[in-house]
Amino acid sequence: MSRITAQSLEKGYGGHELFQGLSFELTAGMRLCVAGPNGCGKSTLLRILAGVAKPDVGEFSLSPGARLGYVAQEFDDETLQTSLLSWVLAVFPSWSGFWDKWEQAVNDGDHKALERLGARQEELERDFGYNPEHKARAVLTGLGFSEEQLNLPLKALSGGFRERAKLARVLLQGADVLLLDEPTNHLDLEAIEWLEDYLLNYQGALAFVAHDRIFLDRLATHVLFISGGRHVLRKGNFQNFLDWELEQSVLREKEQAKLSARIDSEMDYIRRFRVKARKAAQAQAKLKRVEKLEAELNSVKQEAQAARASKTLSFSLPAPARGDKAAITAVDVQFSYGGRNLWRPLSFQIFRGQKIALAAPNGVGKTTLLRLITGELTPDSGSLRIGPNTVWGYFSQHQTEILNPDNAALTELRRLSAPSCTDEQLKGTLGLFLLGEPYFDRPVSRLSGGEKSRLLLASLFLRRASLLIFDEPTNHLDLESREALVQALDAFEGTLLVVAHDRKLLREAAQEVWVLGQDGLEVHLGGFEEYDRKRRQEAQEAASAEPSSKRVNLKEKKREAAEIRNRMHREIKPKRDKYEKLEGELESCLAEQSELEQVLADPSTYADGARFNELHARYQSVSQEAEKLMAAMESLEQELNALEARKNHQLEALDCL
């Protein structure tokens, strides 16, 4: 069984301890969510498990023969010239070379070579699937690549699609242990859901870091939470972990109250009887008991403090000015890219108080429309304007479009805020967004992605805008910051237009979903639930209505599936027959062992020494035989499971055709 084992791991940077005494075992079938606030060491732990970084103390091991999958490499110039499909397929051994050798062996009549190649074919199919190219195409398509992109060189892809390519390659390499750090970054909604389904069917051991709450709840079977040097491993998804954390918090509060009450009671007795001769000894004994209770109380308080150690973002957006009734007005807006109109002429109005999510697959032009609204781009035709009395704020997913990397954080917030803001207000707001005094003079270029996002949120907080335009605001935020943003936007009293792939944000902060397509806008007044239901229904209808010219020949597919089953049956049946034979022999052994135990338990047996020795020797022999049979059965069971898994892999690969 593939597994990765960590024992007493410790890691720190610059005198700051990330984690210590960290021990756990990750086995096949586990999907371990590594969670905790930013900077707690989640990504560092994955790097250690991948062998990219080393722990300060402790060790980890990968089960012999297990293959590890981890996205780590950067593209060099030569790789960037390679086509997407070729680069992804390079993770597989050369099948073309294999079939050349096969054909040569057939022509030469070399039966020994054919026997060796047959064994090699089984290894390749077991490890990499029945049809690698079809499998690669299925994975790339699932992650949102178009057919046209498959043959493009990697250098022609955007940074986000290059990251998707890395993810595709690591998914395809057939790893037994998979380590994924923020795999949902750069994915649109459809690709995130495809990845969820793919990983739910993954048979190996998985450890991942993610900040998409629905992804965590749907995927995780275990949670390893790291914070302030402490760590907790719990079975269940992230919501189960939060429920448990809440229960523990309540229990700690009750325990503190109970201990405090006992201490007060004991101290009351001590105060009353300490000076009385007859009671002085009892009072002294109670004083020692109080010292123990106080030590216990301090321990509980420290545990509660450690659980609350990490700072979490919490804010409410100020009540905005009333603004115009029509916050945004568009009339016959057109915009072209590469000589092609992105959509038919768009005409719409967004009114004061509306909260709208703009949805569409990547590449349709959602960000372009937001940039047209904010005036960063000019439409080819038509008009688009924000109400003259509407104060608006814009959050770009491309932070460098707004932030000056050379400015200090405090200077940059001052630049983005109203001139009337005092230094006290600016510093207080930075503190509210977890960018306190150590960050005031830090250059923006030295801030992490999450810190830059919080700086942008701080500027919007001070702007007191009545219209907020957000483009992927959760991309760089950790889980706690995402939760805070969702709550703040849900309670926001102004107008909201947001592009996001975070399903929790879409469900809770947006009241309507507008779908942007080549034919214009399609409005779903029922919000994300209505949009999601229709989207899934359309996808199902599209799949069932696929043109017959693109369908796989079902008859041929069934024939190949039958060949796979027959071939595997010939391998499995002898082993299964042997297993059943051993099972029968074991039952006989265990029955005789039980009978001998009953006889040996009878005191009269001891009277006849020779008979006792004979029965005892027979009992030892039967017990040893039973152990041998069980060991042989266990070995056969592992072989049978491996063969069944290989058969299932081949049949699954055939389904991808």
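This passage walks through the confidence, the sheets and the internal cavities of a predicted model.

It helps to begin with how far the model can be trusted. Across the protein the mean pLDDT is 84, and 90% of the residues reach 70 or more. One stretch calls for caution: over residues 548-552 the pLDDT stays under 50. For these residues the model has five contacts beyond four places in sequence.

Close to the start of the numbering there is an open sheet of three strands, ordered β2-β1-β4 and paired in the antiparallel sense. Its edge strands are β2 (16-27) and β4 (57-62), each of which pairs on one side only. From one strand to the next the twist averages 15 degrees. Eight bridges hold the antiparallel pair formed by strand β1 (residues 3-13) and β2. A handy place to look for this pairing is tyrosine 13, which stands opposite histidine 16 in β2.

A second open sheet has six strands, in the order β5-β6-β7-β3-β8-β9, and its pairing is mixed. The edges are taken by β5 (68-70) and β9 (230-235); each has a single partner strand, so one side of each is left without a neighbour in the sheet. Here, too, a twist value is available, with an average of 15 degrees from one strand to the next. At the β5 edge, three bridges connect β5 to strand β6 (residues 177-181), and the two strands run parallel. Within this pair, leucine 68 has valine 177 of β6 as its bridge partner.

Two helices that pack on this six-stranded sheet deserve a look. Helix α1 (residues 42-49) touches β3, β5, β6, β7 (205-209) and β8 (222-227), and its direction makes about 150 degrees with that of β6. Helix α7 (residues 159-172) also packs on the sheet, where it touches β5 and β6; the angle between its direction and that of β6 is about 165 degrees.

Further along the chain, strand β10 (residues 326-334) takes part in two pairings. With strand β13 (residues 346-351), β10 runs antiparallel and is joined by five bridges. Threonine 329 is found opposite glutamine 349 in β13. With strand β15 (residues 381-386), β10 again pairs in the antiparallel sense, over five bridges. In that case glutamine 334 has serine 381 of β15 as its bridge partner.

The interior also leaves some empty space. Six cavities of 30 Å³ or more are present in the structure. The largest has a volume of about 80 Å³. Its lining is made up of Asp188, Leu189, Glu190, Leu358, Ala359, Ala360, Lys366, Ala500, His501, Leu506 and Tyr531. Helix α8 (189-200) and strand β14 (355-359) each supply at least two residues of this lining. Sorted by class, the lining of the largest cavity comprises seven nonpolar, one polar and three charged residues.

The second largest cavity has a volume of about 50 Å³. Around it lie Val34, Ala35, Gly36, Lys42, Ala210, His211, Leu216, Phe225, Phe238, Leu479 and Glu480. Two or more of these lining residues come from each of β3 (31-35) and α17 (479-491). By class, the lining of the second largest cavity divides into seven nonpolar, two polar and two charged residues. This cavity leads back to the six-stranded sheet, since β3 is one of the strands in its order.

Definitions and conventions. Residues numbered from 1 in each chain as written. Predicted model: local features only at pLDDT ≥ 70, side-chain atom pairs only at ≥ 80, totals over all residues. Heavy atoms only, no water. 1 Å grid on protein atoms, 1.4 Å probe; cavity = no way out; pocket = protein on both sides within 12 Å on 5 of 7 lines; lining within 4 Å. Points joined across faces, edges and corners; volume = space filled by probe spheres on them. Helix = DSSP H or I, 4+ residues; strand = E, 2+ residues; numbered from the N terminus. Nonpolar A, V, L, I, M, F, W, Y, C, P; charged D, E, K, R; others polar. Pairing = 2+ DSSP bridges. Axes fitted to C-alpha atoms, helices over the stretch in contact; angles between N-to-C directions. Contact = heavy atoms within 4.5 Å. pLDDT = per-residue confidence, 0-100.
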